[in-house]
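Please open the structure in a viewer and keep the selection tool at hand. The tour below proceeds from one selection to the next.

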Amino acid sequence: MSHPSSSISPFRPTAFPLTLRLHPLALACALLLAGGAQAAEPAAAQPDEQPLPEVQTVTVTGSADKQSYLAGDSASATRLDLSLRETPQSVSVVTRAKMDDFRLNSINDMLASSPGVTVESVETDRVYYTARGFDITNFQYDGVGIPFVFGNVTGNFDTALYDRVDVVRGANGLMSSTGNPSATVNFLRKRPGTRLAAAAGLTFGAWGNKRLDADVSVPLGEDWAARVVLARDQGNSWLDRYALRKTVASVIVEGRLTPDDKVAAGYTYQKSASTGNMWGALPLYYTDGSPTMYARSANTGANWSYQNVAVNSTFGEWTHRFGNGWSGKATVTYNLSPSSSRLFFVSGIQDRATGLGLTSYSADYSSKFKQTLGDLALTGGFDLAGRRHDVSLGAAWAESKIGSYSAYGTDIGSSLPGTTAVDGSYAEPAFGPGMDAGGYTDKRKNAYAAVRWNLADDWKLLTGANTVKVDTRGSSYGVDSYRSASKTTPYAGLVYDINRTLSAYASYTAIFNAQSEIDANRRTLAPAEGKTAELGLKSELFDGKANLSGAIFKTRQTNLAQLEGYLGVDAYYSGVNAESKGVELEFSGQLARNWQASVGFAQMSMHGDGGADVKTYIPRRTLRSATTYRLASMPALKVGASLNWQSRIFLQDPTALIHQGGYAVLGLMAQYDIDPHLSLRANLNNATDKTYLKSLYWNQSYYAAPRNASVSLNWTY
C-alpha cells in the first residue's frame, strides 16, 4: 500500500516492433456486425438523437433521449466532434439514464459497469481502475486532461455532477499529457439549460443509508443560465464499524458575451468522510498457506480510524467562434484537495493453530494537494483537393504540488492475537513525533496536432502527434528525487465506411507514461513505453437507435510497474515487459420500442517475459450488461436488470496461491411513474447474494456487499 512518492529513476526509452494478428473471435465479431448492418441497410443513417455535451446545453427534464443508453457524438478521443462510428477507437458511454436506473452513484460503481473496465477496491477508501490489463491513469473533465499523479484514487466520489461519462479504451496519448494503453475516462459535467428545470430525489437503503439529491437549472436573462447540483449521502455498511458520508455541491454559470463568445465558470466541492475505514484489508491466508475464513462483515478498521478527503475544483472557460468553421476554447482549472486520516494496518501472517503472527501498524497521515492547469484547443477545417479536412490543435500546461505529513504509532509491532485484528477493539495509540513524508512539484507541458483527412467519401484518415515534457522535483521520506523526461508520440487512425451504417477502422499509437510507483530504493520508476494497435468494426442499427461494435487489440509495453514487496506498509515495484491482446464486443441503445440495453464483453490475455502470465489479479474475461423495459400494457412501469460477470483471478504470493473463482452479480430494478413528475424506484443489488472478494490487486482484500435493497422517490419539473 504505497503513499505517493516523487522519487525518480533515469529515463531510458526503448523501442520495439509491433504486429497485430487477426484473433479467431474477430471473425465472429465481423459476422455479427455485418449481419446487423445488413438488417439496418434499408434505412438511411439518422443524425444522433442526443445533444452534444460540450457545445449544447443539457436540462434535467425528462425526454426520450434522457431515457436512452445510446450516446451521441464524442470528442473524448480527438477533440473533433465525431460520431462513435467515425472514431477509430473503442468508446463506451455510461449515460445519465443508466446511472439513474441502477443507482450508480459512485464513480466506482459507474466504472464497474463499463465494458472492459475492472475496479480494484483494495481498501474501503482507495481504488485502482484497469482496462486491457493496465491501470487507468488518464482522466478528463469536459475534455480537459487532469494529470493523474498518484495512480490510484483515495476517497469515494460521486456521479451526481455528470451528465455522461465516456470511456475511450486503448492508448489516448493524443489528448492526454501521457499515454496509457488502458483507457481515458472523460467526465462530462451537467451544464445549465435554457429554461427553468429542477429535479430532486430521496433514497433510503440498507444499513441505514440515506441520500438526498437536488438539481436545478435557472435561466439568468436571455443569454445566461446557472445550474446547481447538490447531493448528500450517508449511512453505515455491511462492514463492521464502517460508515461513509459524502457531500457534493456544484454551481456552473455560463452565457454569451457576444454571438461568437461563450464563457462559463464553475465550482465543485466533494467530500468523502469515513470512519472505521480499512488501511490495507483482511489477511487472506495462514502461515501454512491455507485460506483464512472471515465473516463477510469482517473489517480491520479500528473504532478510532477515520479518513477525510475533499476536492475543491474551480474552472473557467472561454469559447470563441472565428468563422469558417473554426473555434477555440481556453480553460483554466484550479484543484485543491486536503486530506487527513488516522489509520490502522494489520501486518503479518497469522498462525492457524496459535492465532499469533499478526501485528499492528498505526499512522496519522495528512496531505494537501494543489493543481493548476491551463488548456488551449483549436478546431476547424481547411479545403484541399476539393475536399474539406478537419483539424484539431492544442496545448496544455499543468503544475501539481503535494505536501504530506506522517506520524506513526508508538505501538508498531504489537501482537494482535485471536480476533483482535478484526473486532475493532485495538486501543488508539499515542503517535510519535511527526515527519515530513514527502513533497514534490510535478510540471507537465504538452502540445498536440491532429488532422482528419477526407481522402474520399468513404475513407477518413486521422493523423497526429502529441509531445510531452515532465519535470518533477521533491523528496519521499527523506530521499531526494528529480525527474525530467520528454517524448513525442505519433497517432494514426483509418476509418472506412463499408456502407451507410457499417465502418471498419484501424488505429495505432506509441505509448509514453510517466509512472508514480517506487522501487526498492524508493526511487520512482522510469516511464513505461510501448506501442499499441487496434482493428475494429462499428455499426449503427435500427435507424441509428443503437450501436454495435467489435475490436481486437494488441499492446506491448516496457518497464511496466509490477508489485514486488513492501517497505513497511509501502509497496515497491519493479519494471517488467508485458504484452496484452484481446477482443471486445459491445452493444448499446434501443433494441425495440421501450427497450434499452447496454452489453459489453471483453476477453484478453497478458504475458510478460518468457510468456508467463502477469497481472493475474485482472480477470481475463468480463461481461457488463444492463437492460430496462417499459411495459406496453402498463406504461407507467419500467423494469430492468443488470448482470456483471468476470472469470477467475488469482495472485501468486511468495508463500501462498490466493484464488477467487469466477462470479456473476445480478441487480434488479423497477420504477413506477406516479404522475409525469413523480416516480418511485426500487433497486435490489447482488440479488443472488453472491460472496466474493473485492480485489486481488494486493495480498489482502475484503468481501463485497451481500444482497441489499433501496427505495427512491424522485421528482422532476
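Which residue in β24 is the bridge partner of A504? To find the answer, select A504 and then L537, since these two are bridge partners, with L537 lying in β24. The model on display is a predicted one.

**The paired strands**

Next, select residues 502-513, which form strand β23, together with β24. The two strands pair in the antiparallel sense, and twelve bridges link them. Now restrict the selection to residues 528-541, the extent of β24. This strand is mostly covered, as twelve of its 14 residues are buried.

**The surroundings of H320**

Move to residues 306-323, which make up strand β16, and pick out H320 within them. Then add D261: a polar contact of 2.7 Å joins its side chain to that of H320. Beyond the neighbours within four places in sequence, the residues in contact with H320 are D260, D261, W326, S327 and G328. Finally, select L378, whose C-alpha is 9.6 Å from that of H320, although 58 residues separate the two in sequence.

**The whole protein**

Return to a view of the entire protein, which contains three helices and 35 strands. Its residues number 717, and 57% of them count as buried. The exposed surface amounts to about 27400 Å², of which carbon and sulfur atoms supply 58%. Among contacts between residues at least 6 apart in sequence, 68% join residues at least 24 apart.

Methods
Residues are numbered from 1 along each chain as its sequence is written. This is a predicted model: local features need pLDDT of at least 70, side-chain atom pairs count only at pLDDT 80 or more; totals for chains, interfaces and linings use all residues. Side-chain values use heavy atoms; hydrogens and water are left out. Helices (H or I, at least four residues) and strands (E, at least two) are DSSP runs, numbered from the N terminus. Contact means heavy atoms within 4.5 Å. A polar contact is a pair of N or O atoms within 3.5 Å; within protein, one must be able to donate a hydrogen and the other to accept it, and residues adjacent in sequence count only if both atoms are side-chain atoms. Buried means under 20% relative accessible area, exposed over 50%, partly exposed in between (1.4 Å probe, protein chains only). Accessible areas come from the Shrake-Rupley method with a 1.4 Å probe; for residues, only the protein chains shown count as cover. Two strands pair if DSSP finds at least two bridges between them.
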